[in-house]
Amino acid sequence: MSQKVPWLIIRCRFKDETGPAPHTLEHYTDLFTAPDLESVAKFWQDMSFGQLDFSGSEVTPWLELDKKRSEYTGSGINQQGRRDLVDWAKNAATKSGIDVNKFYGVVLATHSDTDLFGSTARYAVCGPNHAPAVIFQEVGHALGLSNHSRSVADPQDYKDPFCIMSAMDFGDHDPTFNGRFGASGPGLCAPYIFNAGWLSWRIAQIPTNGRSPNKTILTLSPLSEQQPTHKQVATIQLNSPQEVTYFVEYRFDGWDRGLDQSAVVIHQLRPDGFAYYAGSIATETRIDGSGNTQLPGRDYLDTQYNLSVRLLTNFPSDRVQVQIAPAAAVQTMSVRQVARSTLGLTSGFSVKDQVLSGTHSLRDRLIELLS
């Protein structure tokens, strides 16, 4: 069932700002509300698989604030100043005869680049020169996504190259493409789509014993598909060495077409509510801008959580087949190393005592035992 979220886009300028308008009314209408262009509305409609309905959104004429530019004091460390700016714009809209309260939230499109932010209090602010990618992120905050995304390797905000909620620098990568309005994409990572309640039946939950997953082979459709033929996300819930949920997703085409290579991407969702990029397996061969050949990958391995993801088959772009299993399935280690690490043993481990007669493979028996 879709949720109507009409927005009021308030075009505003300080009372001492002069000069021609930076863009036409049509530009703002298309950028924020067009359902058939790569707009803000279209992006979030796609990320929610049609569950967010931006219809009824409106763009105001240019409204003059009752403040000078010098009176704006908002910043990341002065949130009250930012809230003041939003209130000034809402007041200007009300004075012009607009019922602000009939809209789900507001986006301030300022006459010049003044600030860039979003809040779960249902407002966002951007300037005329901000790229769609960062606008998507700020509107994401206004839609209730309070957190940025991070990376396991560098657990700070903005370090996920596969999530729009890292749009400030994407971990020093550039996964965007040049769309009609500028740098756009990539999509939203699966953990945050899940948290928003938009994945529903699109998830395959992998059985585990809390310490490792059962060996499972499954086919995934791209996360960008609106009408997929297969599941789009695999989740693995583990509680050792600490609680974490892994998400495995296939990123290809659509809002992800700016990626260097399509990829099977692995994220963690931790109890702190943040999504952490854990790793990826490239699924195609590409030539980069320097003429170097980028080859597909094969495995993702996390020995700490006893998890492996292996790319088995890359079908013609519309789906991939992966194996999710304990680390031993892809790991080159001795039987005793794997057993001692996985079972947390401090004493000896007897292969003879553990392996059943008649088992075809010692390796297979170990994987079975440790799963």
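How many aromatic pairs does a search of the whole structure find? In this predicted model, the search returns 15 aromatic pairs, and they offer a convenient way into the fold, which is described below from its overall make-up down to single residues.

**Overall make-up**

The protein has eight helices and 22 strands, and of its 371 residues 53% count as buried. Among contacts between residues at least 6 apart in sequence, 58% join residues at least 24 apart.

**Aromatic pairs and charges over rings**

One of the 15 aromatic pairs is formed by W7 and F54, whose rings are stacked with 6.3 Å centre to centre and 25° between the planes. Because W7 belongs to strand β2 (residues 7-13) while F54 is in the loop between β3 (52-53) and β4 (58-59), this pair ties together parts that are 47 residues apart in sequence. Both W7 and F54 are buried.

A cluster is also present, in which ring pairs link F43, W44, F136, F177, W198 and W255. One member of that cluster, F177, has R257 lying over its face, at 3.7 Å from the ring centre. Elsewhere, the charged end of R270 sits over the ring of Y276, at 3.9 Å from the centre of that ring.

**The six-stranded sheet**

Six strands make up an open sheet with mixed pairing, in the order β9-β17-β16-β15-β14-β12. The edges are taken by β9 (150-151) and β12 (203-205), and since each has a single partner strand, one side of each is left without a neighbour in the sheet. For β12, three bridges lead to strand β14 (residues 233-238), and these two strands run parallel. Within this pairing, I203 has V233 in β14 as its bridge partner.

**The four-stranded sheet**

An open sheet of four strands has the order β13-β22-β21-β20, and its pairing is antiparallel. Here β13 (216-220) and β20 stand at the edges with a single partner strand each, so that one side of each lacks a neighbour in the sheet. Neighbouring strands of this sheet are turned against each other by 20° on average, direction ignored. The edge strand β20 is joined to β21 by four bridges, and the two run antiparallel; within β21, S308 is the bridge partner of L301.

The loop between β20 (299-302) and β21 (307-314) holds N306. Is this residue, N306, buried or exposed? With a relative accessible area of 5%, N306 falls under the 20% cut-off and is therefore buried. The side chain of N306 reaches the backbone nitrogen of A327 at 2.9 Å.

**Backbone geometry in the loops**

Most residues other than glycine have a negative phi, and most peptide bonds are trans. Against that background, the following backbone features deserve a careful look.

| Feature | Residues | Angle |
|---|---|---|
| Cis peptide bond | G185 to P186 | omega near 0° |
| Cis peptide bond | S240 and P241 | omega about 10° |
| Positive phi | F170 | phi near 50° |
| Positive phi | D172 | phi near 65° |

Of the prolines in the table, P186 is placed in the loop between β11 (182-184) and α5 (190-195), whereas P241 is found in the loop between β14 and β15 (244-251). The strand β14 that precedes P241 is the one to which β12 is joined by three bridges.

The positive phi values of F170 and D172 belong to residues in the loop between β9 and β10: F170 is placed there, with β10 spanning 177-179, and D172 is found there as well. Which relative accessibility does D172 have, and how does it count? At 67%, D172 lies over the 50% cut-off and so counts as exposed. F170, by contrast, has a relative accessible area of 4% and is therefore buried. The strand β9 that bounds this loop also stands at an edge of the six-stranded sheet.

Terms used:
Residues numbered from 1 in each chain as written. Predicted model: local features only at pLDDT ≥ 70, side-chain atom pairs only at ≥ 80, totals over all residues. Heavy atoms only, no water. Pairing = 2+ DSSP bridges. Buried < 20%, exposed > 50% of the residue type's maximum accessible area, 1.4 Å probe, protein only. Polar contact = N/O pair within 3.5 Å; in protein donor to acceptor, adjacent residues only side chain to side chain. Phe/Tyr/Trp six-rings, centres within 6.5 Å; stacked < 30°, edge-to-face > 60°. Lys NZ or Arg CZ within 6 Å of the ring centre and 35° of its normal. Axes fitted to C-alpha atoms, helices over the stretch in contact; angles between N-to-C directions. Contact = heavy atoms within 4.5 Å.
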